[in-house]
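Hi,

Here is the structure I promised to pass on to you. Could you open it next to this email while you read?

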Amino acid sequence: MQGRLVIEVPPLPVVELLLVIISLLLARSIWLLSEGRALLSKAAEGGLAKLTESKSSDERPHTHALTRGRSASAVSESRTPREPKFTDRVLQTSAKMFEQSMLDEADVDVGKFMDACRWYADKVLMRMGTFTLVTVRETHTNMDKVKQNYELNPDKHRSMRNLLEAECWSDMHQPGGVLMDPSAAMGLLWARRVLMFWICLFRRHMDRSDMRPATPTKESPAQSEVITAYEEALAPFNGWVTRTTFMLASRAFPEWQDIEAVLASNHEDAMADLRSWVQVLEPLLERMDNIIQDLDLNDMRKSI
């Protein structure tokens, strides 16, 4: 009778694997919360700097009183001219770049769209303060995901539909909108959602500006509008950690007059540029949504 060779396979350490996964998720959660805390710290530092500047300006009349014995020309020469906050109407440029990314009747030029997203993040959002730091970083991360597959065939993948169809044909994604990450589809999906957040926010601000001042609340109008826009555009796709991080970061959102001051030289120009930007982005994002829905790429899973 021949002996049989028996190989014993030890059972998989399921409990240990689960503990490792939980540890990784907790580490990610702690990192995201620390990001939100860092944003609040930077916002607090910015507020202290503004307070110090305000106090300095209040003391200037007393300083000027000490110079009464000097000639007017000497006093004038001693003053340092203040640099204006406004340099150019960046939203106009951003709107033009996004408009140029629309391809044919219903498509999007991927290369131009990536350029427009990066420019909007670096030249527009960065002006708004610490609140946008996470969004700027995520914008570049999303565009890097798109760029990886786009550069495999820039001529063919210039069309957003062609690029996403190529990913579908390669079986990168699963039916029901379960996307591989990283992928161009995932990057474009989240890029669209983030841009929709800014559309919702700008639209809220424009609507409120057209109405009479509302009854004062404990929250600033700007922060209230941020939260409303978030609930509309991003909350359905965010898990607890991402939502908590956003709510922490939202406390650093400045008042609208401060934002308008870095977007245009006056309120009227700022509002006109906001309207123009929204009018361009709405049909662009509609094109993107049509492509995403047609190809079954609308991943509804929530982030952590």
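Below is what I found, starting with the whole chain and then turning to three helix pairs.

First, the ground rules: this is a predicted model, in which local features need pLDDT of at least 70 and side-chain atom pairs count only at pLDDT 80 or more, while totals for chains, interfaces and linings use all residues. Residues are numbered from 1 along each chain as its sequence is written, and side-chain values use heavy atoms, with hydrogens and water left out.

**Overall**

The protein has 11 helices and 2 strands (DSSP runs, H or I of at least four residues for helices and E of at least two for strands, numbered from the N terminus). Their order from the N terminus is α-α-α-β-β-α-α-α-α-α-α-α-α. Of its 304 residues, 38% are buried (under 20% relative accessible area, with a 1.4 Å probe and protein chains only). About 18,400 Å² is exposed, and carbon and sulfur atoms supply 56% of that (Shrake-Rupley method, 1.4 Å probe). Among contacts (heavy atoms within 4.5 Å) with a separation of 6 or more, 77% link residues 24 or more positions apart.

**Helix 7 with helix 11**

The axes of helix 7 (residues 184–209) and helix 11 (residues 267–294) come within 9 Å and cross at roughly 145 degrees (axes are lines fitted to C-alpha atoms over the stretch in contact, and angles run from 0 to 180 degrees between N-to-C directions). Residues making the contact include L188, W198 and F202 of helix 7 and M271, W277 and L285 of helix 11. By class, there are 16 nonpolar, 3 polar and 5 charged residues (nonpolar: Ala, Val, Leu, Ile, Met, Phe, Trp, Tyr, Cys and Pro; charged: Asp, Glu, Lys and Arg; polar: the others, Gly among them).

**Helix 7 with helix 8**

Helix 7 also approaches helix 8 (residues 221–233), with axes within 8 Å and a crossing of roughly 140 degrees. The two are therefore oblique to each other (the class for angles that are not under 35, over 145 or 65 to 115 degrees). R193, F197 and R204 are among the helix 7 residues here, and E225, Y230 and E232 among those of helix 8. This contact divides into 9 nonpolar, 2 polar and 6 charged residues.

**Helix 8 with helix 9**

Helix 8 packs against helix 9 (residues 240–250) at about 160 degrees, with the axes 10 Å apart. That makes the pair roughly antiparallel. The contact involves Q223, V226, I227, Y230 and E231 of helix 8 and T242, R243, F246, M247 and S250 of helix 9.

Best wishes

Methods: Buried < 20%, exposed > 50% of the residue type's maximum accessible area, 1.4 Å probe, protein only.
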